[in-house]
Amino acid sequence: MPVQATIAGIASPQDLQRALSGAQYLAGEDLATAAYLALALGKPLLLEGAPGVGKTEAAKAIGSVLARQVIRLQCYEGIDAAAALYEWNYPRQMLAIRQAGEAYVNVYSDDYLLARPLLEALRAPDQSLLLIDEIDRSDHEFEAFLLEFLSDFTISIPETGTVRAARAPVVVLTSNRTRDLHEALRRRCVYHWIDYPDPALEAAIVMARASTVAQATADAVVASVNLMRAEPLTKPPGVAETVEWAEAATLLNSQGHPWPLAFRQAIGVVLKDQDDLTYMAPRLDAILPAEVA
Ligand SMILES: Nc1ncnc2c1ncn2[C@@H]1O[C@H](COP(=O)(O)OP(=O)(O)OP(=O)(O)O)[C@@H](O)[C@H]1O
Ligand SMILES: [Mg+2]
């Protein structure tokens with residue numbers, strides 16, 4: 001695969017970072033660089049990170065700045081090749097056979113094929129962005145199958161022939177790292193670990209995503225969330241929780257609930273586990289922002 005320095009008008013990591021922020025996704029320089037290199041080298045981008053750090057959203061934002069249709073394959077335990085590639089529409093086939101009576105009907109044609117995300121991505125009229133989300137939830141066998149798909153981007157359908165993409169899709173894989181991925185898969189990709197954003201970036205994300213929130217509230221919420229993340233919680237808050245907590249507390253405050261009570265009342269937006277709530281209850285006073293301008 002030849003190196004392509006400019007993709008859809010994006011000629012550097014800085015270009016990509018700017019374009020992403022135009023799409024409301026604020027990427028750190030390291031993420032923008034990894035994503036730019038993956039695009040330039042024509043390799044899949046593998047994003048790993050804790051839940052809620054912005055992996056899925058990063059893929060969608062990249063699709064949006066490249067003006068590519070985003071086709072998502074959501075992985076889950078037990079997912080198999082059929083669910084990822086295609087299935088035959090049996091009820092429709094049976095109906096057609098019944099209606100045809102004595103006449104011949106070819107029920108192995110496109111009319112009876114249900115395209116699943118991988119086939120959809122190959123068939124898309126323009127280059128698409130294929131998001132393989134939460135690949136760590138699938139098993140090793142499915143991962144090996146994906147590796148093969150990513151090496152040739154063809155699907156062979158015995159009844160109708162081989163489908164090949166006019167242009168291989170841009171591929172982004174995400175993993176929450178609930179298990180380690182194969183060495184072979186990693187080798188094929190450009191890898192980036194997304195960390196929680198630093199406080200300034202996270203406050204900027206809150207401001208970009210939640211239009212009603214004041215800067216001081218965003219800063220205060222980010223500081224508190226970072227203190228929570230340092231605690232041994234089962235479900236540490238992700239970036240979405242930070243944004244929503246700021247929004248929810250702002251709403252309550254606008255309805256007359258004073259600070260910091262508004263933060264405490266909106267706690268269900270940020271802590272979503274009974275054990276975490278119990279653990280944090282006696283510690284909340286020390287963590288909640290006392291005063292917000
Ligand atoms: N860098 C960012 N810029 C803007 N918004 C962000 C950013 N990171 C996260 N977000 C916000 O956080 C939300 C959650 O992110 P996302 O769903 O992508 O996380 P994830 O890493 O895929 O989580 P999970 O592992 O639970 O699937 C997004 O919908 C978005 O609102
Ligand atoms: Mg996700």
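What follows is a short chat about the cysteines and the two domains of this predicted model.

Author: Local features here need pLDDT of at least 70 and side-chain atom pairs count only at pLDDT 80 or more, while totals for chains, interfaces and linings use all residues. Residues are numbered from 1 along each chain as its sequence is written, chains are lettered from A and ligands numbered from 1 in the order in which they are written, and side-chain values use heavy atoms, leaving out hydrogens and water.

Reader: How do you know that the structure holds zero disulfides?

Author: A disulfide is a pair of cysteine sulfur atoms within 2.5 Å. The sulfur of Cys-75 has its closest cysteine sulfur in Cys-189, 13 Å away, so that is too far for a bond. Cys-189 is likewise in no disulfide, its nearest cysteine sulfur being that of Cys-75.

Reader: And why is Cys-75 called buried?

Author: Buried means under 20% relative accessible area, exposed over 50%, and partly exposed in between (1.4 Å probe, protein chains only). Cys-75 has 0%, so it is buried. Cys-189, with 10%, is therefore buried too.

Reader: What makes domain 1 and domain 2?

Author: The domain assignment of the chain, which gives 13-78 + 125-194 as domain 1 and 199-287 as domain 2. Such bounds come from an automatic or database domain assignment. The C-alpha centres of the two domains lie 30 Å apart. Their contact (heavy atoms within 4.5 Å) takes nine residues from domain 1 and eight from domain 2.

Reader: How much area do domain 1 and domain 2 bury between them?

Author: About 600 Å², with 51% of it on carbon and sulfur atoms. Buried area is the accessible area (1.4 Å probe) that two parts lose on being put together, summed over both. On the domain 1 side, Gln-24, Leu-26 and Gly-52 supply 71% of the area buried against domain 2, more than any other three residues.

Reader: Why is the pair Glu-57 and Arg-209 called a salt bridge?

Author: The term asks for a side-chain nitrogen of Lys or Arg within 4 Å of a carboxyl oxygen of Asp or Glu. In Glu-57 and Arg-209 the closest N and O atoms are 3.2 Å apart, so the pair qualifies. The count between domain 1 and domain 2 is one salt bridge.
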